[in-house]
Amino acid sequence: MASALGTSSIAVLPSRYFSSSSSKPSIHTLSLTSGQNYGRKFYGGIGIHGIKGRAQLSVTNVATEVNSVEQAQSIASKESQRPVYPFSAIVGQDEMKLCLLLNVIDPKIGGVMIMGDRGTGKSTTVRSLVDLLPEIKVVAGDPYNSDPQDPEFMGVEVRERVLQGEELSVVLTKINMVDLPLGATEDRVCGTIDIEKALTEGVKAFEPGLLAKANRGILYVDEVNLLDDHLVDVLLDSAASGWNTVEREGISISHPARFILIGSGNPEEGELRPQLLDRFGMHAQVGTVRDAELRVKIVEERGRFDKNPKEFRDSYKAEQEKLQQQITSARSVLSSVQIDQDLKVKISKVCAELNVDGLRGDIVTNRAAKALAALKGRDNVSAEDIATVIPNCLRHRLRKDPLESIDSGLLVTEKFYEVFS
């Protein structure tokens with residue numbers, strides 16, 4: 001962007017201009033100026049000066065122009081963001097925490113569905129994962145966070161630039177976490193045409209949505225069992241193909257949308273559609289802590305955080321950094337982790353005897369076991385690793401029996417010990 005605009009200056013309002021009545025910053029303007037003639041455009045509260053005389057394509061990307069400015073804005077406003085509860089400070093809920101960590105280590109596991117009682121820290125735990133997310137290489141200025149080396153994660157424009165032999169500028173950025181609110185519209189999720197640009201310049205400008213922002217990152221849906229059916233259909237399509245295709249208002253465009261899908265909800269408020277449930281790689285069951293002393297500890301820790309968030313976060317800084325290094329190390333050695341043929345056969349035997357539909361359960365169990373071995377610093381998967389992850393990988397894939405009173409996770413565990421004995 002800088003090369004297109006010449007010498008540019010980015011002016012960001014300091015934190016004292018933020019409204020005192022809200023934790024969010026007031027709308028502020030980032031201006032890019034040079035000696036050329038610019039026309040002013042507004043995208044999402046950010047004022048951008050665009051070049052009038054520049055040659056226009058039939059379909060342009062608004063986000064390509066705005067992306068680098070948004071990065072500068074996010075860095076400047078980082079101090080004003082509300083503090084996040086540290087992941088290491090969360091007491092109990094080990095099953096949920098492990099599932100989340102394994103998905104960060106190997107995103108191809110396919111996400112995690114967290115179901116449990118209200119007030120058990122589901123949303124808090126997921127959002128606390130932000131501090132632990134590692135950095136990834138992305139193409140600078142690309143709205144889809146394209147991977148500069150893997151064509152599977154490249155947008156169409158970036159792929160064309162690579163085929164033309166153009167050298168890509170690469171930057172390091174943290175894995176993104178995107179919240180999908182229940183009231184979101186399909187246009188905001190998938191992306192839509194930019195009406196102002198179409199009216200003022202006569203071009204079809206595509207403005208990417210949340211799925212584009214979540215590519216190579218995490219898409220989190222709280223209360224996912226209450227999500228509208230039309231949004232569920234969109235998620236199913238993207239989760240199945242890894243691409244989001246938009247066909248609207250004369251625009252036909254596709255972009256990569258491979259993300260870790262994380263959902264949470266309370267089963268008492270409604271069941272999740274079976275098609276979407278099967279798309280989650282793992283399923284974590286969360287229960288209310290019954291131990292009185294543990295409950296007191298949770299209340300005290302929460303009180304400390306509410307009283308002084310910065311001091312509380314600093315007290316867990318060493319543990320957070322240690323866990324972050326552990327995740328980075330596990331991601332780097334994951335490709336070298338091996339699993340014996342005998343163990344693979346036994347995993348598939350468990351799936352077959354439980355009448356699990358399809359092969360997704362076999363694939364996810366193998367991946368999760370490898371990720372756990374990498375997290376423990378080993379290069380070989382053990383039966384213990386499989387025993388730890390297999391209930392989470394298969395419990396939501398079993399056929400529902402209305403007369404069955406035993407928990408599906410226990411059924412998986414019993415079958416595991418029967419086969420592996």
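1. Helix α15 has 16 residues, and in this predicted model the distance from its first C-alpha to its last is 22 Å, close to the 22 Å expected at 1.5 Å a residue. The helix runs over residues 360-375, and G377, which has a positive phi near 80°, follows it.

2. As to its surroundings, α15 is largely enclosed by the rest of the structure, because 12 of its 16 residues are buried. The buried residues are G361, D362, V364, T365, N366, A368, A369, A371, L372, A373, A374 and L375. They pack against α3, β14 (282-286), α13 (317-333), α14 (341-353) and α16 (383-394). In an α-helix there are 3.6 residues a turn, so residues three or four places apart point the same way.

3. Within α15, T365 deserves a separate comment. This residue lies in the helix and has a relative accessibility of 0%, so T365 counts as buried, the cut-off being under 20%. Neighbours up to four places away in sequence being set aside, T365 touches I347, I386, V389, I390, C393 and L394.

4. Helix α3, one of the elements against which the buried residues of α15 pack, also has the span one would calculate for it: at 1.5 Å a residue its 12 residues should cover 16 Å, and its end C-alpha atoms are 16 Å apart, which agrees. Helix α3 is mostly covered, with 10 of the 12 residues buried. Those buried residues are M96, K97, L98, C99, L100, L101, L102, N103, V104 and I105, a list that includes the lysine K97 and the asparagine N103.

5. Which residues touch the most other members of the largest nonpolar core? Of the 58 residues in that core, they are L100, L102, I114, L129, I262, M282 and I386. The core draws at least three residues from each of domain 1 (82-132 + 173-289) and domain 2 (330-420). Apart from this core lies another, of 33 residues, with F206, V221, L231 and L236 among them. As a general matter, nonpolar side chains in soluble globular proteins tend to be buried together.

6. L102 links several of the points above, since it is among the buried residues of α3 and is also one of the core residues that touch the most other members. Once neighbours within four places in sequence are left aside, L102 is in contact with I109, M282, A368, A371, L372, L375 and V389. Of these partners, A368, A371, L372 and L375 are listed among the buried residues of α15, while M282 is another of the core residues with the most contacts to other members.

7. For "binding site", the UniProt record lists G116, D117, R118, G119, T120, G121, K122 and S123. Among these positions, G121 lies in the loop between β4 (112-116) and α4 (122-128), whereas S123 lies in helix α4. Is each of these two residues buried or partly exposed? G121 is partly exposed, with a relative accessible area of 26%, and S123 is buried, with a relative accessible area of 19%. A reader may wish to note that the value for S123 falls under the 20% cut-off used for burial. Residues up to four places away in sequence not being counted, S123 touches Y220, D222 and S264.

8. Two residues that are not glycine call for a remark on backbone geometry. Q93 has a positive phi of about 50° and is found in the loop between α2 (62-76) and α3 (94-105); with a relative accessible area of 16%, Q93 is buried. N145 has a positive phi of about 55° and is found in the loop between β5 (135-139) and α5 (156-163); at 17% relative accessibility, N145 likewise counts as buried.

9. Helix α11 (residues 292-307) can be checked in a similar way: at 1.5 Å a residue, its 16 residues should span 22 Å, and its end C-alpha atoms are 23 Å apart, which agrees. The N-terminal end of α11 is capped by D291, a side-chain oxygen of which lies 3.4 Å from the backbone nitrogen of E293.

10. For the chain as a whole, there are 17 helices and 14 strands, and 45% of the 421 residues count as buried. Among contacts between residues at least 6 apart in sequence, 72% join residues at least 24 apart.

Conventions
Residues are numbered from 1 along each chain as its sequence is written. This is a predicted model: local features need pLDDT of at least 70, side-chain atom pairs count only at pLDDT 80 or more; totals for chains, interfaces and linings use all residues. Side-chain values use heavy atoms; hydrogens and water are left out. Helices (H or I, at least four residues) and strands (E, at least two) are DSSP runs, numbered from the N terminus. The expected span of a helix is 1.5 Å times one less than its number of residues. A polar contact is a pair of N or O atoms within 3.5 Å; within protein, one must be able to donate a hydrogen and the other to accept it, and residues adjacent in sequence count only if both atoms are side-chain atoms. UniProt positions are given in the numbering used here, feature names are shortened, and annotations may be inferred rather than shown by experiment. Buried means under 20% relative accessible area, exposed over 50%, partly exposed in between (1.4 Å probe, protein chains only). Contact means heavy atoms within 4.5 Å. A nonpolar core is a set of buried Ala, Val, Leu, Ile, Met, Phe, Trp, Tyr and Cys residues joined through side-chain atoms within 4.5 Å. Domain bounds come from an automatic or database domain assignment.
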